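Welcome to a short tour of this protein. Please take a moment with the sequence and the model, and then read on.

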Amino acid sequence: MTLHENDKDKDNDQSLTGRFREIPADPGEGMSKPTYAAGAVLWRGDVDDPEIGIIHRPGYDDWSLAKGKLDPGENLPMTAEREIREETGYTVRLGKLLGNVSYPVAGRTKLVWYWTAEVLDGEFTANSEVDELRWVSFDEAAELLTYDLDVDVLTKARKRLGNEPDTRIIYVRHGRAHSRKNWAGDDNLRPLDKKGRRQAELLVPGLLPFRPERVYSAEPVRCSHTVEPLASELGADVVVDELFGDVACISRLVDSQRRFMEVVAEGGVSVICAQGTVIPDTIAWLSANGTLPLEEIPCKKGSAWVLGFNDGVLTTADYYASALPVK
């Protein structure tokens, strides 16, 4: 088994380092026969001195982190949330993307992506996959875990939880819309096309594991329609504001930045759906004024940035290139 390390995160870099991580549209590009899995370092209690959840699997007689293989039609956050729920019975909130590890299994390459995950509620009951779960300290967990790779993941989680954000903004670019060439009306009314509607549908299970509380949108309907299915699932309204859009970013920059920071000041987890100019410009501004330098800021349609803030300062950023299922 191998843990790949690299100081600069690339599309196919398998490292567990850095405060910026990303899942590309094809997470296994360049890998030999990839098998995908996802899991998390479970924690509860005081984030400054948390308890860590470690599971025992009778089929392997090992102690490991909660994880499991991706099912058809899933993206990786969906897999992590489902596997944790099935193995442990807990409802969690995904936090920091820690990266992934890879190792050979039966002639294939297994890629396992990990997050930190705060336990919100639920109760563990022994099952066919997991017969025991222990809540222990970081040091005790490191002693208990069977595999060195899991200990490496745990070490990264310990570092990240030492600076756990007090606020997260999930910054979504709208799904694909009908072509401008075939749209003669007001550009703000240009709707999502078939792929865009599919992207909007899959944002729901892809973002629910982060437990968002509020949903905002720029003025174009392709933005509000992208997050309407998510808002409906949450029982929330989509709050539309022109200051989240490209026009305001260009003509009313200070007002646009102020409005974004008002959402940050609300704390918790919020979703903002916007456009292809304002998202990278705003993230570049946040990066320049924060503690997280970002050299590249991709912004594909249907993508999402999960931005972490401490006292209003950007400290972590994870990029999810697509909500579509991993193939």
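## A walk through the predicted model

Strand β9 and strand β13 (residues 304-310) run antiparallel to each other and are joined over six bridges. Please keep in mind that this is a predicted model. Within this pair, R168 of β9 has G308 as its bridge partner in β13. On another pairing of β9, with strand β12 (residues 268-274), the sense is parallel and there are seven bridges. Here R168 stands opposite V269 of β12.

How many of the residues of strand β9 are buried? Strand β9 covers residues 167-173, and seven of its seven residues are buried. The side chains of T167, I169, Y171 and R173 point one way from β9, while R168, I170 and V172 point the other way. Both sets are buried.

### The sheet around β9

Strand β9 belongs to an open sheet of seven strands, arranged in the order β1-β14-β13-β9-β12-β10-β11. The pairing in this sheet is mixed. Strands of a sheet pair through backbone hydrogen bonds, in either a parallel or an antiparallel sense. Which strands form the edges? They are β1 (20-23) and β11 (238-240), each of which pairs on one side only. From one strand to the next, the twist averages 20°.

At the β1 end, this strand pairs with β14 (residues 313-320) in the parallel sense, over four bridges. One of the positions to look for is F20, whose bridge partner in β14 is A317.

The three pairings described so far can be set side by side.

| Strand pair | Sense | Bridges |
|---|---|---|
| β9 and β13 | antiparallel | six bridges |
| β9 and β12 | parallel | seven bridges |
| β1 and β14 | parallel | four bridges |

### Helices α7 and α8

Now turn to helix α7, which lies across β9, β10 (214-217), β12 and β13. Relative to β9, α7 runs at about 135°.

Helix α7 (residues 253-265) also packs against helix α8 (residues 278-288), with an angle of about 75° and axes 11 Å apart. That angle makes α7 roughly perpendicular to α8. Which residues meet in this contact? From α7 come S256, Q257, F260 and M261, and from α8 come V278, T282, W285 and L286. Sorted by kind, the residues of the contact of α7 with α8 are five nonpolar, three polar and no charged.

### Two domains

Let us step back to the whole chain. The protein is divided into domain 1 (5-162) and domain 2 (167-320). The C-alpha centres of domain 1 and domain 2 are 27 Å apart. To the contact, domain 1 gives 19 residues and domain 2 gives 20 residues.

A residue worth finding here is P77, in helix α1 (residues 76-88). Is P77 buried or exposed? P77 has 5% relative accessibility, so it counts as buried. Leaving aside neighbours within four places in sequence, P77 is in contact with L94, W115, G206, P209, F210 and Y320. One of these partners, P209, is 132 residues from P77 along the chain, yet the C-alpha atoms of P77 and P209 are separated by 6.8 Å.

Another residue to look at is T116, in strand β7 (residues 108-122). T116 counts as buried because its relative accessibility is 1%. Once neighbours within four places in sequence are left aside, the contacts of T116 are V41, W43, R93, L94, G95, K96, L98, A157 and L161.

### Two loop residues with positive phi

Two residues in loops complete the tour. R211 lies in the loop between α4 (194-207) and β10. Its phi is near 55°, a positive value in a residue other than glycine. How accessible is R211, and what does it count as? R211 has 21% relative accessibility and therefore counts as partly exposed.

D311 has its place in the loop between β13 and β14. The phi of D311 is near 55°, again a positive value in a residue other than glycine. With 73% relative accessibility, D311 counts as exposed.

Technical notes. Residues numbered from 1 in each chain as written. Predicted model: local features only at pLDDT ≥ 70, side-chain atom pairs only at ≥ 80, totals over all residues. Heavy atoms only, no water. Axes fitted to C-alpha atoms, helices over the stretch in contact; angles between N-to-C directions. Parallel < 35°, antiparallel > 145°, perpendicular 65-115°, else oblique. Contact = heavy atoms within 4.5 Å. Nonpolar A, V, L, I, M, F, W, Y, C, P; charged D, E, K, R; others polar. Buried < 20%, exposed > 50% of the residue type's maximum accessible area, 1.4 Å probe, protein only. Pairing = 2+ DSSP bridges. Domains from an automatic or database assignment.
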